[in-house]
Amino acid sequence: MNRFLAPIRPTVRAVILSDGRLLVQLKQKPAGTPYLTLPGGKQEPGETMEASLRRECAEEIGANVQVGPLLHVAEVHKPKADGIRHQTEMLFSCSVPPGYVPCVGPLPDPSQIDTIWADPLTPQAPFRPDFARHILRPESPTYLGVFHG
């Protein structure tokens, strides 16, 4: 039986587009295959979503992002060693300063190995969770549903 871990984790993600490419983190766990994720992470108690997203982007991709409107909301069920983590993911339109060059920030996620511009429809590695193809379509609903991974 799959056991969900408590509590549900609120997370924020940055959707940063430039010339049809999406700014993503390239990650790889030990002995695993590379995969792509949006920058962002866990919202801390007392922290606004906007402040959380600015902090996470500064830590992970070394950028002071401008946070724009909320684009989408998704629920993600992430398998962990002791159960399944249930996350609510708020995806915001964001921008980086002109001339930003992708880099790994000063406090990256443990599995982060790079920050790159990627074509979200034909990425170099699998996208986790696989909502990249949804976030570019203007007709996509705000609530994207539940994703596994």
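## Salt bridges

How many salt bridges does the count come to? In this predicted model, the total is 6 salt bridges. The general background is that side chains of opposite charge can pair when their charged atoms come close.

One of these pairs is formed by Arg 13 and Glu 89, whose closest N and O atoms are 3.0 Å apart. Arg 13 belongs to strand S1 (residues 4-18) and Glu 89 to strand S6 (residues 83-95), so this salt bridge ties together parts that are 76 residues apart in sequence. Both Arg 13 and Glu 89 are buried.

## The contact between Asp 109 and Lys 27

A salt bridge also links Asp 109 with Lys 27, and here the closest N and O atoms are 2.7 Å apart. Because Asp 109 lies in the loop between S6 and strand S7 (112-118) while Lys 27 lies in strand S2 (residues 21-27), the pair ties together parts that are 82 residues apart in sequence.

Are these two partners buried or partly exposed? Asp 109 has a relative accessibility of 22% and therefore counts as partly exposed. Lys 27 has a relative accessible area of 8%, so Lys 27 is buried.

## The network at helix H1

Within helix H1 (residues 49-61), Arg 55 and Glu 59 are 4 residues apart, which means that about one helical turn separates them. Their side chains meet in a salt bridge with an N to O distance of 3.4 Å. Arg 55 counts as partly exposed because its relative accessibility is 24%. Through salt bridges that share partners, Glu 47, Arg 55, Glu 56 and Glu 59 are joined into one network.

## Strand S2 and its partners

Strand S2, which holds Lys 27, is mostly covered, with 6 of its 7 residues buried. S2 runs antiparallel to S1, and 2 bridges join these strands. Leu 17 has Leu 22 in S2 as its bridge partner. The hairpin of S1 and S2 has 2 residues between the strands, and Asp 19 in this hairpin takes a positive phi near 50 degrees.

S2 also runs antiparallel to S7, to which 6 bridges join it. In this pairing, Leu 26 stands opposite Asp 114 in S7. With strand S3 (residues 35-37), S2 pairs in the antiparallel sense over 3 bridges. Leu 26 has Leu 36 as its bridge partner in S3. Leu 26 is thus placed opposite Asp 114 of S7 and is bridged to Leu 36 of S3.

## The largest pocket

What volume does the largest pocket have? The value is about 470 Å³. Its lining comprises 23 residues, and those nearest the centre of the pocket are Lys 27, Lys 29, Tyr 35, Lys 78 and Lys 80. Lys 27 is thus one of the residues nearest the pocket centre as well as the salt-bridge partner of Asp 109.

Several elements contribute to this lining: S1, S3, strand S4 (40-42), H1, strand S5 (66-80) and S6 each supply at least two residues. By class, the lining of the largest pocket consists of 12 charged, 7 polar and 4 nonpolar residues.

Terms used. Residues are numbered from 1 along each chain as its sequence is written. This is a predicted model: local features need pLDDT of at least 70, side-chain atom pairs count only at pLDDT 80 or more; totals for chains, interfaces and linings use all residues. Side-chain values use heavy atoms; hydrogens and water are left out. A salt bridge is a side-chain nitrogen of Lys or Arg within 4 Å of a carboxyl oxygen of Asp or Glu. Buried means under 20% relative accessible area, exposed over 50%, partly exposed in between (1.4 Å probe, protein chains only). Two strands pair if DSSP finds at least two bridges between them. On a 1 Å grid over the protein atoms alone, a cavity is a set of points where a 1.4 Å probe fits but cannot get out, and a pocket is an open set with protein on both sides within 12 Å along at least five of seven lines; lining residues have an atom within 4 Å of a point. Grid points are joined across faces, edges and corners, and a volume is the space filled by probe spheres set on the points. Ala, Val, Leu, Ile, Met, Phe, Trp, Tyr, Cys and Pro count as nonpolar, Asp, Glu, Lys and Arg as charged, and the others, Gly among them, as polar.
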